[in-house]
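Open your viewer, switch to the cartoon view and get ready to click around. We'll go stop by stop, and at each one you'll hear what to select and what is there.

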Amino acid sequence: MDPLASELHRVEALRFGDFVLKSGLVSPVYVDLRVIVSHPALLNKVAHLLFQTTKDAGIKYDSVCGVPYTALPLATIICSANQIPMLIRRKEAKEHGTKRIVEGIINAGETCLIIEDVVTTGSSVLETAEVLRKEGLNVTDAVVLLDREQGGEAMLAKNGIRLHSVCTLTKVLKILEQQKKVPSAMVMKVERFIQENTSKPSEQNGPTAIKRTRKEMSFGARAELPGTHPLAVRLLRLMEKKQSNLCLSADVTKSTELLQLAAVLGPSICVLKTHIDILEDFSLEVIKELRGLADQHDFLIFEDRKFADIGNTVKHQYEGGVFKIASWSDIVNAHVVPGPGVVKGLKAVGQPLQRGCLLIGEMSSEGSLATGEYTKAAVKMAEEHSDFVVGFISGSRIVENPEFLHFTPGVQMQAGGDSFGQKYLSPQEVIGKKGSDIIIVGRGILSAPSHLEEAETYRKAAWESYLQRVGVSAEV
């Protein structure tokens with residue numbers, strides 16, 4: 001094991017310093033095993049160690065599948081050298097030909113072994129296992145080169161998968177410390193990071209839910225992440241500046257009402273949400289005034305259009321027509337039912353204008369079908385189009401990546417519902433417990449005798465819940 005640790009360090013597959021991970025955490029160690037493909041001898045050595053681990057563990061299997069993409073060359077070497085059938089899982093199904101997401105000969109009922117390079121929480125292995133199981137295959141074991149020891153083994157065990165690792169991050173660190181390649185202070189720093197940032201299986205929220213022990217990032221810190229969309233950066237910073245994570249749902253039918261709400265409540269909100277097609281006296285002059293109020297009071301405009309057509313159609317709906325939405329609305333939203341074409345169509349218009357899009361991941365109405373696989377598809381689409389998608393409309397946090405924002409509608413001070421199936425949650429529930437970022441409030445404010453007093457009540461409740469979540473004393 002000593003030579004392996006030394007080689008990984010030499011080729012910079014292990015680096016030490018301060019690295020922002022996809023989750024937003026700042027890690028003192030970065031593991032990048034993709035570099036070993038440029039070192040054939042090391043690549044073959046790693047593949048041999050993975051295969052030897054399967055033999056030592058006595059694992060029985062009929063085929064092998066590498067988690068895309070880093071583990072694919074490892075799985076290829078193992079299968080070629082040992083004459084084992086291999087399967088290839090695509091990250092997305094082809095849009096032509098067979099449209100298969102798993103390539104190779106699949107015999108339902110057989111067992112497939114998963115190969116992975118690094119395991120942190122186990123989510124990538126679980127995604128591959130889910131795809132293989134849908135094809136009728138059994139998945140009982142996974143072999144990994146390096147276990148970061150941050151909850152992956154427990155999470156996989158909870159989902160019926162035994163994890164076998166060639167080595168752990170702690171063991172590699174100890175070897176490098178003994179070889180005087182890494183100072184003791186850095187080893188202690190990494191060990192502390194592992195202890196403080198471990199994911200644990202949840203007993204309540206389904207088979208793949210995880211309870212995170214990591215600290216929350218502030219809006220300001222999230223704005224500094226390199227992958228955060230420029231529009232999201234702007235929003236996060238104005239939220240910090242105004243101490244507001246309140247979005248007003250201005251569902252009114254008269255332009256005078258809309259402009260009055262924007263003028264009076266503008267200082268209290270971070271976003272104003274419109275349904276521009278319900279305005280009975282819409283004009284571009286009204287929009288010009290609204291845009292001026294947004295600039296004056298420093299809030300974004302979000303047109304709740306819920307685009308849901310093919311790419312070419314939504315492109316024209318967004319850019320042209322009577323409303324010319326792209327010319328004035330900072331944010332729009334879309335359903336993912338039509339597939340990625342809806343985002344591509346909107347992006348063609350909005351990206352050059354530095355606009356952003358929210359994907360509808362969940363809805364607050366009773367009996368909504370925007371759950372489960374639909375929500376997963378929304379997350380995947382957002383990740384594939386993060387140069388335009390800034391976050392989600394959802395009832396809770398649906399992805400841990402802090403570069404995405406979560407907007408939650410259906411918020412009132414008192415939980416409950418209405419006669420049309422709308423369900424309401426409190427700001428404390430939405431921000432503090434469900435991990436959302438921005439509350440969307442309409443009737444709770446518009447039905448109050450004083451719109452401003454009620455808006456301030458909601459603003460303070462949501463902001464205090466956010467501060468408690470990130471562990472800061474409230475001063476609002």
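Which two strands does helix H14 lie across? Select residues 373-384 to light up H14, then add E15 (356-360) and E16 (389-393): those are the two strands that H14 lies across. Compare directions while you're there, since H14 runs at about 160° to E15.

**Zoom out for the whole chain**

What you have open is a predicted model. The chain has 476 residues, and 52% of them count as buried. Its secondary structure comes to 17 helices and 20 strands. Now think about who touches whom: take the contacts with a separation of 6 or more, and 65% of them are between residues 24 or more positions apart.

**Stop 1: the barrel**

Color strands E11, E12, E13, E14, E15, E16, E17 and E20, in that order. Together they form a closed barrel of 8 strands with parallel pairing. On average, neighbouring strands of this sheet are turned by 30° against each other, direction ignored.

Let's walk along part of the barrel. Select E11 (residues 246-249) and E12 (residues 271-274), which pair in the parallel sense over 3 bridges. Click Ser249, then look in E12 for its bridge partner, Lys273. To get from one strand to the other, follow helix H10 (residues 255-265): E11, H10 and E12 make a right-handed β-α-β unit.

Stay on E12 for a moment. Are its two faces covered or open? Both are covered: Val271 and Lys273 on one side are buried, and so are Leu272 and Thr274 on the other.

Next, move on to E13, which runs parallel to E12 and is joined to it by 4 bridges. Lys273 turns up again here, this time with Phe302 in E13 as its bridge partner. The connection passes through helix H11 (residues 284-297), and E12, H11 and E13 make another right-handed β-α-β unit.

Before leaving E13 (residues 300-307), click Lys306, which is found in this strand. Lys306 has a positive phi of about 50° although it is not a glycine. What makes that worth a click? Most residues other than glycine have a negative phi. Lys306 has a relative accessible area of 28%, so it counts as partly exposed.

Now jump to the other end of the strand list for the barrel. Select E17 (residues 405-408) and E20 (residues 438-441), which pair in the parallel sense over 2 bridges. Show Phe407 and find its bridge partner in E20, Ile438.

**Stop 2: strand E3 and its partners**

Select E3 (63-66). Which of its residues are buried? Ser63 and Cys65 are buried on one side, Val64 and Gly66 on the other, and both faces of E3 are covered.

E3 pairs with E6 (residues 112-119) in the parallel sense over 4 bridges. Click Gly66 and look for Ile115, its bridge partner in E6. E3 also pairs with E4 (residues 86-89), again in the parallel sense, over 3 bridges. For this pairing, show Val64 and its bridge partner in E4, Met86. Add helix H3 to the selection: E3, H3 and E4 make a right-handed β-α-β unit.

On the way from E3 to H3 (72-82), pause in the loop between them, where Tyr69 sits. Zoom in on the peptide bond joining Pro68 and Tyr69: this bond is cis, with omega about 5°. For background, most peptide bonds are trans.

**Stop 3: two helices that cross**

Select H1 (residues 2-10) and H6 (residues 169-178). Their axes come within 9 Å and cross at roughly 85°. That makes H1 roughly perpendicular to H6. Turn on side chains to see who meets whom: Asp2, Ala5, Ser6 and His9 in H1 meet Val172, Ile175 and Leu176 in H6. By class, this contact has 4 nonpolar, 2 polar and 1 charged residues.

**Last stop: Glu12**

Where is Glu12? Look in the loop between H1 and strand E1 (14-20). Glu12 is a residue other than glycine with a positive phi, near 65°. Is Glu12 buried or partly exposed? Its relative accessibility is 48%, so Glu12 counts as partly exposed.

Conventions:
Residues numbered from 1 in each chain as written. Predicted model: local features only at pLDDT ≥ 70, side-chain atom pairs only at ≥ 80, totals over all residues. Heavy atoms only, no water. Axes fitted to C-alpha atoms, helices over the stretch in contact; angles between N-to-C directions. Parallel < 35°, antiparallel > 145°, perpendicular 65-115°, else oblique. Contact = heavy atoms within 4.5 Å. Nonpolar A, V, L, I, M, F, W, Y, C, P; charged D, E, K, R; others polar. Pairing = 2+ DSSP bridges. Buried < 20%, exposed > 50% of the residue type's maximum accessible area, 1.4 Å probe, protein only. Right-handed = clockwise from strand over helix to strand, strands pointing away.
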